[in-house]
Amino acid sequence: MAELNLGKGLTAGKVASNVQKRLTRAQEKVLQKLGKADETKDVAFEEGVINFNKQYAEGSKLQRDLRAYLEAVKAMHESSRNVQACLADMYEPEWHGAREVDSIVEDCDVLWTDYHQKLVDHALISMDTYLGQFPDIKARIAKRDRKLVDYDSARHNYAITHKAKKKDGGIKLTKPSTLLERATPGWAQGILSAHNVAQSSLSKSQAEEELERAQKVFEDINIDLQEELPSLWNSRVGFYVSTFQSLAGFEEKFHKEISRLDQDLYDVLEKLEKTDPTSGRDASNHTLRPGGPPPIPKSPSKLRPAVPPPPKVTPSKEMKTENIINLFDSAATPDINVTSPTEPANWDSWGESAAAAAATEEEPAAEEAPAPAAAAAVAVAAAAEEQAAAPTEAPSEEEEMPAGFLFKVQVMHDYAANDTDELEMKAGDVVLVIPFDNPEEQDDGWLMGVKQDDWHQNKDNATKGVFPENFTQRL
């Protein structure tokens, strides 16, 4: 009957043999843990295995990080290409340096491609080759461990066989020890005993052959690994040196060349700005005005006291007396429209009618227009009131204000206080500006005040503080 073929060179006999080996190794491991069987120990080899595992883990991590680095370089290359292409598309042909810009864009793309390819060829491929030897050695280490268990099992079996032979030599053959021997007739006892002796000799020979074979297989693998593991461990220094030297060299060269191209591009754009007639040097043309709040000036509490700026002089609205008089003179003069008659009339009658018309128009004018002296007095009083209200824009006398009140401002942007002496403000708040207790503490860009709502509620107990002037608008 032919053996059952399980495919790929496996047969039922080999499967049974492998199963038997696994059972034997498991049994031997149990006996070794229980202390009933000797276990071969090799401290130097175990240290080599520890170093191997450490070296394999470090190399695998370096390989992952290197692949991630290459992916980042590839992504950066793609981003740089897109930006450079955008510049080339926007750069109009008639502008200065159009050809130079196209050449710089092309050279940048070539540099990125060359840099990535060199990293792949000299770093990643060598890294893969270096790590390619570890799986094979790892499999051989595992095989050595299995063969070591087989070797220990063979030694153990051989020792048991020798002990059994010595015991059998001291026992009489005529005394049956098994059920088969007891059931055997007396005349066949000798034949059975002879068979047992032959079987014992065969077992001894098989145990000895198994021990020699297991020892040879184990030693062949062990000797090779004893030589390769220290050599592999020492090779890591040279590999790390060559790998990182390549990385550093390629990166240095790439950045040096890309920096030169960036400088060329900068020079071209600078010349374009100088040759462009529409580009002015006025800073106001290039100042961006963000929609957010203006920059906060430095807090006076965090600076040395500065000399306060000179007070702002509000121009007074004065009117010269002669202008006032002239104004009222012209206003008091009646506007008389004289219409010539369309038909000829008697001169006497025309004169009478003109005199009557003049008298009729002078009467309401005399009633409506005040005397010149009274008109001048009214104008001077109005100018004085306007001049008194202009400098401070003070509120009406009925509204009570804090001492030294100067003017009102409205908050245009929220302001969060950064110190205890600063005023917290929200957009839309009205603040009453008052002078500093010590004018030397005032700094440019900062005012002192109290919120109008807080003043109405708490009066003198209202919280006062400094705030940035550019966050507000004067009312």
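## Exercises on a predicted model

Leu-87 is buried, with 19% relative accessible area. Keep in mind that this is a predicted model. Let's work through it together.

### Exercise 1: Place Leu-87

Find the element that holds Leu-87, decide whether Leu-87 is buried or exposed, and list its contacts beyond the neighbours within four places in sequence.

**Solution**

Step 1. Start with the address: Leu-87 belongs to helix H2, which spans residues 43-90.

Step 2. Next comes accessibility. The relative accessible area of Leu-87 is 19%, and buried means under 20%, so Leu-87 counts as buried.

Step 3. Now look for partners. With neighbours within four places in sequence set aside, Leu-87 is in contact with Val-101 and Leu-265.

Step 4. Finally, compare sequence and space. Asp-102 is 15 residues from Leu-87 in sequence, and the C-alpha atoms of the two are 9.1 Å apart.

### Exercise 2: How do H2 and H3 run?

At what angle do the axes of H2 and H3 cross, and what residues form their contact?

**Solution**

Step 1. A quick reminder: two packed helices are described by the angle between their axes and the distance between the axes.

Step 2. Helix H3 covers residues 98-132, and its axis comes within 10 Å of that of H2. The two axes cross at roughly 170°.

Step 3. Angles over 145 degrees count as roughly antiparallel, and therefore H2 and H3 are roughly antiparallel to each other.

Step 4. Sort the residues of the contact of H2 with H3: 22 are nonpolar, 9 are polar and 6 are charged.

Step 5. For one residue of H2, take Gln-63. Not counting residues up to four places away in sequence, Gln-63 touches Met-127, Asp-128 and Leu-131. Gln-63 has a relative accessible area of 18% and is therefore buried.

### Exercise 3: Follow Phe-250 across the chain

Which helix holds Phe-250, and which residues does Phe-250 contact once neighbours within four places in sequence are left aside?

**Solution**

Step 1. Phe-250 sits in helix H6, residues 189-275.

Step 2. Its relative accessibility is 18%, so Phe-250 counts as buried.

Step 3. Leaving aside neighbours within four places in sequence, the contacts of Phe-250 are Tyr-115, Lys-118, Leu-119 and His-122.

Step 4. Take Tyr-115 as the example. Phe-250 and Tyr-115 are 135 residues apart along the chain, yet 6.8 Å separates their C-alpha atoms.

Step 5. Then step back to the whole chain. Among contacts with a separation of 6 or more, 72% are between residues 24 or more positions apart.

### Exercise 4: Rebuild the sheet

In what order do the strands of the open sheet of 5 strands lie, and which are the edge strands?

**Solution**

Step 1. The order is E6-E5-E4-E3-E7, with antiparallel pairing.

Step 2. Strand E6 (464-468) and strand E7 (472-474) are the edges, each pairing on one side only. On average, neighbouring strands are turned by 45° against each other, direction ignored.

Step 3. Begin at E6. Strand E5 (residues 446-451) and E6 run antiparallel and are joined by 5 bridges. Met-448 stands opposite Val-466 of E6. Although E6 is an edge strand, 4 of its 5 residues are buried, so E6 is largely enclosed by the rest of the structure.

Step 4. Move to E3 and strand E4 (residues 430-434), an antiparallel pair with 4 bridges. Here Phe-407 has Val-433 of E4 as its bridge partner.

Step 5. On to E7: strand E3 (residues 407-411) pairs with E7 in the antiparallel sense over 3 bridges. Val-411 stands opposite Thr-472, and Val-409 faces Arg-474.

Step 6. Read the faces of E3. The covered face holds Phe-407, Val-409 and Val-411, while Lys-408 and Gln-410 lie on the uncovered face.

### Exercise 5: Check the cysteines

How many disulfides does a search of the whole structure find, and is Cys-108 buried or exposed?

**Solution**

Step 1. A disulfide is a covalent bond between the sulfur atoms of two cysteines.

Step 2. The search of the whole structure finds 0 disulfides.

Step 3. Cys-108 has a relative accessible area of 2% and is buried. Cys-86, at 40% relative accessibility, counts as partly exposed.

Step 4. For the overall setting, the chain has 10 helices and 7 strands, and 25% of its 475 residues count as buried.

Notes:
Residues are numbered from 1 along each chain as its sequence is written. This is a predicted model: local features need pLDDT of at least 70, side-chain atom pairs count only at pLDDT 80 or more; totals for chains, interfaces and linings use all residues. Side-chain values use heavy atoms; hydrogens and water are left out. Helices (H or I, at least four residues) and strands (E, at least two) are DSSP runs, numbered from the N terminus. Buried means under 20% relative accessible area, exposed over 50%, partly exposed in between (1.4 Å probe, protein chains only). Contact means heavy atoms within 4.5 Å. A disulfide is a pair of cysteine sulfur atoms within 2.5 Å. Two strands pair if DSSP finds at least two bridges between them. Axes are lines fitted to C-alpha atoms, for helices over the stretch in contact, and angles run from 0 to 180 degrees between N-to-C directions. Angles under 35 degrees count as roughly parallel, over 145 as roughly antiparallel, 65 to 115 as roughly perpendicular and the rest as oblique. Ala, Val, Leu, Ile, Met, Phe, Trp, Tyr, Cys and Pro count as nonpolar, Asp, Glu, Lys and Arg as charged, and the others, Gly among them, as polar.
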